[in-house]
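New to this one? Take a moment to look over the sequence and the structure, then read on for a short guided tour.

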Amino acid sequence: MFKKVGQILIFAAICLVASNLQFAFVSSLPGAFNQINLGLMLLVFILFFFGAKAALFFIFSFGFLMDTFSFQFFGFYFICLAAAAVASYLILENWLTNKSLYSFWVLFLAATLVYNLVAVILAFFAVNFQGLPGFFTFSFWRNVFYQSAWNILAAALFFNISVALAKRFQPFFLEKKGGL
Amino acid sequence: MIRIKKNNPLLIFTVVLGLLVFLHGLGIIRPLENALLFLVKPVSSKLYVWGTGISSSYSENREKTDLLSEINRLQQSVSALTIQDSHWREVEGENEKLRSQLNFVAANKFRVVLANIIAKEEVFSATEDSRDLVIDRGQKDGLRPDYGVLSPDGAIIGKIVEVGDTSSRICLVTSPGCQLAASLQNEDKTKGITDGNLGLTINMNYIPQLEKITLGDMVITSGLGGNIPRGLVIGKVSEVKSESNEVWQAAIIEPLVNLNDLTVVSVVIP
């Protein structure tokens, strides 16, 4: 019981720190650095290693905090994160056959694209369909590219650290005894 | 009959999201939201200052090569401005005396509320790269939409577009869609509306061809139709776009302050 409560508190604290870092620190960084998306990185990491339930809990915690801090309409970050999680989950369950670094990269790329597309579509709804949706601009695709690059780096880092810590994902080879 | 699984994550998500949006709409969870904001604001402010520090040093390194030529240009400009400044001081002193004689309240003595910038927020819109600022003051501090926001030097940097209980969102003068009623300090006192351009410069469009604009003309707020007082400096004209076959001409205005280095601002309460 206490272990469970402790886990939940640690998880909530991680979400609070990550959301505050994303909201205040990352947003003020220069150039491509402000395209780091900590929420998306953590979401895919949790989905890949801990499953859908943990990811759902993360969406609620992180989404609620970001929606509270931000001036986007309430629910914006919930929906963006949920869409990215659904896309990643479907790919993970239906297409990918193993949990390798390449699978992790595919999930990150899919999640990044879906997250950003949903974000600009929601923003377009929020301004009553004025102008054109953001995906017609160069800056949108440039930002998707930067985010993908950061996410690929983060995926490589997360994956290698996880492999080093847990033996579950280490590669194994079947060797024929006695040689040829 | 359709069977719905009890632990269906999509169902859980929809129900909880619906409930949260409903409670947020009714304002029931507002105390929790305000408490969270109160808790993180000091940390956010510090994190933002660190991020801005990194950003400033990054751009300083990048621009080092341009600095030498800029120093030369500025030295010439300083000597010219020093002479001009002594002249203006004399005029200001004279003006102050005349105003007091007429029992005038000086036009630029407005109340300001100091605020820390706590974040930059991306605007997912059709316009290229647009980022608004979030400050740690809101409705409870007397702020309202359309109030002007000043840099520590006193130049106008944008206006409030949205206020929360304890925080507000500011659009920068260089952001597309952020419009201000402006006036040029030229012979004709040309009036117009400024609009941000790509987050870098400011456009002033629809100026009649007959109005004479010269490079370096100062642009100030005109005080027309809003909560922003007259006379706040927006920037100076860096380019004039004038074609003989066009009805209108346009001016490109360069802001006087670096909008990326700001950490503290003041909001003008009219």
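What follows is a walk through chain A, the contact between the chains, the core, and chain B.

Keep in mind as you look that this is a predicted model.

Let's begin with chain A. Its secondary structure comes to 6 helices and 0 strands, so the pattern along the sequence reads simply α-α-α-α-α-α. The C-alpha trace of chain A spans about 70 × 45 × 30 Å along its principal axes. Of its 180 residues, 39% count as buried. Take the contacts in chain A with a separation of 6 or more: 61% of them join residues 24 or more positions apart.

Now for the place where chains A and B touch. Each side is made of 35 residues: 35 from chain A and 35 from chain B. On the chain A side, five helices each supply at least two residues, and here they are with their ranges:

| Helix of chain A | Residues | Supplied to the side touching chain B |
|---|---|---|
| α1 | 2–25 | at least two residues |
| α3 | 52–69 | at least two residues |
| α4 | 76–94 | at least two residues |
| α5 | 101–126 | at least two residues |
| α6 | 138–165 | at least two residues |

The largest share comes from α3(A), with 8 residues. By type, the chain A side divides into 24 nonpolar, 10 polar and 1 charged.

Next, the core. Which residues have the most contacts inside the largest nonpolar core? They are Leu43(A), Val44(A), Ile59(A), Leu81(A), Ala84(A), Ala85(A) and Ala111(A), in a core of 92 residues. The helix that gives the most to this core is α4(A), with 11 residues. Chain B takes part too: its domain 1 (9–61) and domain 3 (109–270) both give residues to the core, so the core lies between them. For a close-up, pick Ile59(A): leaving aside neighbours within four places in sequence, it is in contact with Leu43(A), Phe78(A), Leu81(A), Ala82(A) and Ala85(A).

That brings us to chain B itself. The domain assignment splits it into domain 1 (9–61), domain 2 (63–101) and domain 3 (109–270). The centres of domain 1 and domain 3 of chain B, taken over C-alpha atoms, are 26 Å apart. Where these two domains meet, 12 residues of domain 1 are in contact with 11 residues of domain 3. The domain 1 side of that meeting divides into 4 nonpolar, 7 polar and 1 charged.

Finally, look at helix α1 of chain B, residues 9–26. Its 18 residues reach 26 Å from first C-alpha to last, close to the 26 Å expected at 1.5 Å a residue. Just after α1(B) comes Gly27(B), which takes a positive phi of about 85°.

Methods. Residues are numbered from 1 along each chain as its sequence is written. Chains are lettered from A and ligands numbered from 1 in the order in which they are written. This is a predicted model: local features need pLDDT of at least 70, side-chain atom pairs count only at pLDDT 80 or more; totals for chains, interfaces and linings use all residues. Domain bounds come from an automatic or database domain assignment. Two residues are in contact if their C-beta atoms, placed from the backbone, lie within 7 Å. Ala, Val, Leu, Ile, Met, Phe, Trp, Tyr, Cys and Pro count as nonpolar, Asp, Glu, Lys and Arg as charged, and the others, Gly among them, as polar. Helices (H or I, at least four residues) and strands (E, at least two) are DSSP runs, numbered from the N terminus. The expected span of a helix is 1.5 Å times one less than its number of residues. A residue is buried if 20 or more other C-beta atoms lie within 10 Å of its own, exposed if 12 or fewer, and partly exposed in between; C-beta atoms are placed from the backbone. A nonpolar core is a set of buried Ala, Val, Leu, Ile, Met, Phe, Trp, Tyr and Cys residues joined through C-beta atoms within 7 Å.
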